[in-house]
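Biologist: Hello! Could you walk me through this model, starting from the inside and working out to single residues?

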Amino acid sequence: MSSRSSVAPLALAVGALLISMFSYQFGASLAKHLFPQVGAQGATAFRLGLSALILLLWRRPWRRSGGQRDWRVLWGYGLSMGAMNLVFYMSLRTIPLGIAVALEFTGPLALAMFGSRRLLDFVWIALVMAGLALLLPLRGQMQALDPVGVMYALAAGVGWALYIVLGKKAGAAHGADAVTLGTSIGALLAIPFGIAHAGSALLSPALWPYALGVAVLSSALPYSLEMVALTRLPARTFSTLLSLEPAIAAMAGVVLLDERLSLLQWLAILAIIVAAAGTALSVSRPVLTEPLAN
């Protein structure tokens with residue numbers, strides 16, 4: 001019974017994280033269709049603003065007393081979320097989705113490396129790095145990538161790392177309301193940029209079905225599911241499992257945005273999937289004793 005009871009929370013956390021990654025990337029693919037009308041800034045405002053509204057109406061966090069909770073970490077979590085989303089969408093204007101996510105993953109990868117202490121951890125991380133090297137167009141094509149887009153994607157990686165670290169602390173302090181409150185704070189950062197860039201175009205009724213889809217698929221659903229995983233997995237494990245994100249993004253780009261991958265890039269996706277699966281299997285015992293990051 002003890003073995004089964006220890007596996008169940010792990011399975012729940014990994015399953016929630018997998019669903020969130022698929023949802024996030026398909027939402028990002030949908031958001032790219034909004035860029036011609038409202039730009040990356042407007043798409044970010046749609047995404048965080050509408051998802052915050054949905055979560056506020058659903059969760060109604062004002063019914064619960066604030067108490068002596070740590071509001072500083074919540075604001076850090078929300079602002080990192082808003083900045084991460086804004087600069088990531090800015091990168092999508094000029095570089096493919098799969099490559100943007102692969103560059104953004106440098107943040108979680110750094111967390112995984114700093115938090116690893118077992119030899120097996122480094123084996124999986126090395127396999128992820130090999131996969132990323134194949135996924136990125138390093139062989140003479142990197143010069144063709146827009147350097148500003150690359151810098152935006154790397155900046156999103158910094159935001160992603162902060163989101164993981166602060167998200168664990170916000171979840172511990174504010175429970176299920178952390179996502180609602182954090183998304184609302186992120187919206188406060190993103191909406192002014194969207195209004196400044198897109199103006200009245202944000203009020204176009206023709207865009208609202210896309211905007212609602214992006215809000216649900218890219219924020220409301222995945223962030224809620226990620227909080228389930230964040231509060232049940234060590235930061236190292238969570239970060240390594242996120243290595244599936246670039247692979248999922250590349251596949252979403254092929255299916256929804258008509259982007260193309262080479263054979264080597266498909267092999268990279270396979271390597272990343274193997275590494276993520278190995279991480280999930282190897283954490284089944286250490287998760288019982290390894291403390292969550294606080």
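Biologist: What volume does the largest cavity have?

Modeller: Keep in mind as we go that this is a predicted model. A search of the whole structure turns up one cavity of 30 Å³ or more. Its volume is about 60 Å³.

Biologist: Which elements give two or more residues to the lining of the largest cavity?

Modeller: The residues that line the largest cavity are Tyr-24, Gln-25, Met-84, Glu-104, Trp-160, Tyr-163, Tyr-223, Glu-226 and Glu-245. Placing them on the helices, the elements with two or more lining residues are α1 (2–31), α7 (147–174) and α9 (208–230).

Biologist: How many residues of that lining are nonpolar, polar and charged?

Modeller: Glu-104, Glu-226 and Glu-245 are in the lining, and Glu counts as charged. Gln-25 is there too. The lining of the largest cavity divides into three charged, one polar and five nonpolar.

Biologist: Let's step back to the overall fold. How many helices and strands does the protein have?

Modeller: Reading along the sequence, the pattern is α-α-α-α-α-α-α-α-α-α-α-α. The count is therefore zero strands and 12 helices.

Biologist: What share of the residues is buried?

Modeller: On the outside, the accessible surface comes to about 12900 Å², and 71% of that surface belongs to carbon and sulfur atoms. Buried here means under 20% relative accessible area. Of the 294 residues in the protein, the buried share is 53%.

Biologist: Which helix gives the largest share of the largest nonpolar core?

Modeller: In soluble globular proteins, nonpolar side chains tend to be buried together. Here the largest nonpolar core has 83 residues, and Tyr-77, Phe-88 and Tyr-89 have the most contacts inside it. The largest share of this core, 10 residues, comes from helix α3 (residues 71–92).

Biologist: Phe-88 caught my eye. Which residues is Phe-88 in contact with, leaving aside neighbours within four places in sequence?

Modeller: Phe-88 is one of the residues with the most contacts inside the largest core. Its partners beyond those neighbours are Tyr-24, Ala-28, Leu-97, Ala-100, Val-101, Glu-104 and Ala-156.

Biologist: How many residues of helix α4 are buried?

Modeller: The buried residues of α4 include Leu-97, Ala-100, Val-101 and Glu-104, and these four also appear among the contacts of Phe-88. Gly-98, Ile-99, Ala-102 and Leu-103 are buried in α4 as well. For helix α4 (residues 97–104), the count is eight of eight.

Biologist: Is Leu-154 buried or partly exposed?

Modeller: Leu-154 is in helix α7. Leaving out residues up to four places away in sequence, Leu-154 touches Leu-103 and Thr-106. Its C-alpha atom is 5.2 Å from that of Glu-104, 50 residues apart along the chain. Because its relative accessibility is 32%, Leu-154 counts as partly exposed.

Biologist: And what about Thr-44, is that residue buried or exposed?

Modeller: Thr-44 lies in helix α2 and touches Gly-49, Asn-85, Leu-86, Tyr-89 and Ala-190, not counting residues up to four places away in sequence. The C-alpha atoms of Thr-44 and Ile-191 are 7.5 Å apart, although the two are 147 residues apart in sequence. With a relative accessibility of 0%, Thr-44 counts as buried.

Biologist: Which residues is Gly-49 in contact with, leaving aside neighbours within four places in sequence?

Modeller: Gly-49 is also found in helix α2. From C-alpha to C-alpha, Gly-49 is 9.8 Å from Leu-189, with their positions 140 residues apart in sequence. The contacts of Gly-49 beyond those neighbours are Thr-44, Ala-187 and Ile-191.

Biologist: How far apart in space are Ala-198 and Gln-41, C-alpha to C-alpha?

Modeller: Ala-198 lies in helix α8 (residues 177–198) and counts as buried because its relative accessibility is 15%. In sequence, Ala-198 and Gln-41 are 157 residues apart. In space, their C-alpha atoms are separated by 7.6 Å.

Biologist: One last backbone point: near what value is phi of Arg-60?

Modeller: Arg-60 is found in the loop between α2 (35–59) and α3. Arg-60 is partly exposed, with a relative accessible area of 38%. Its phi is positive, in a residue other than glycine, and near 45 degrees.

Notes. Residues numbered from 1 in each chain as written. Predicted model: local features only at pLDDT ≥ 70, side-chain atom pairs only at ≥ 80, totals over all residues. Heavy atoms only, no water. Core = buried A, V, L, I, M, F, W, Y, C linked by side-chain atoms within 4.5 Å. Buried < 20%, exposed > 50% of the residue type's maximum accessible area, 1.4 Å probe, protein only. Helix = DSSP H or I, 4+ residues; strand = E, 2+ residues; numbered from the N terminus. Contact = heavy atoms within 4.5 Å. 1 Å grid on protein atoms, 1.4 Å probe; cavity = no way out; pocket = protein on both sides within 12 Å on 5 of 7 lines; lining within 4 Å. Points joined across faces, edges and corners; volume = space filled by probe spheres on them. Areas by Shrake-Rupley, 256 points an atom, 1.4 Å probe, with all protein chains shown as cover.
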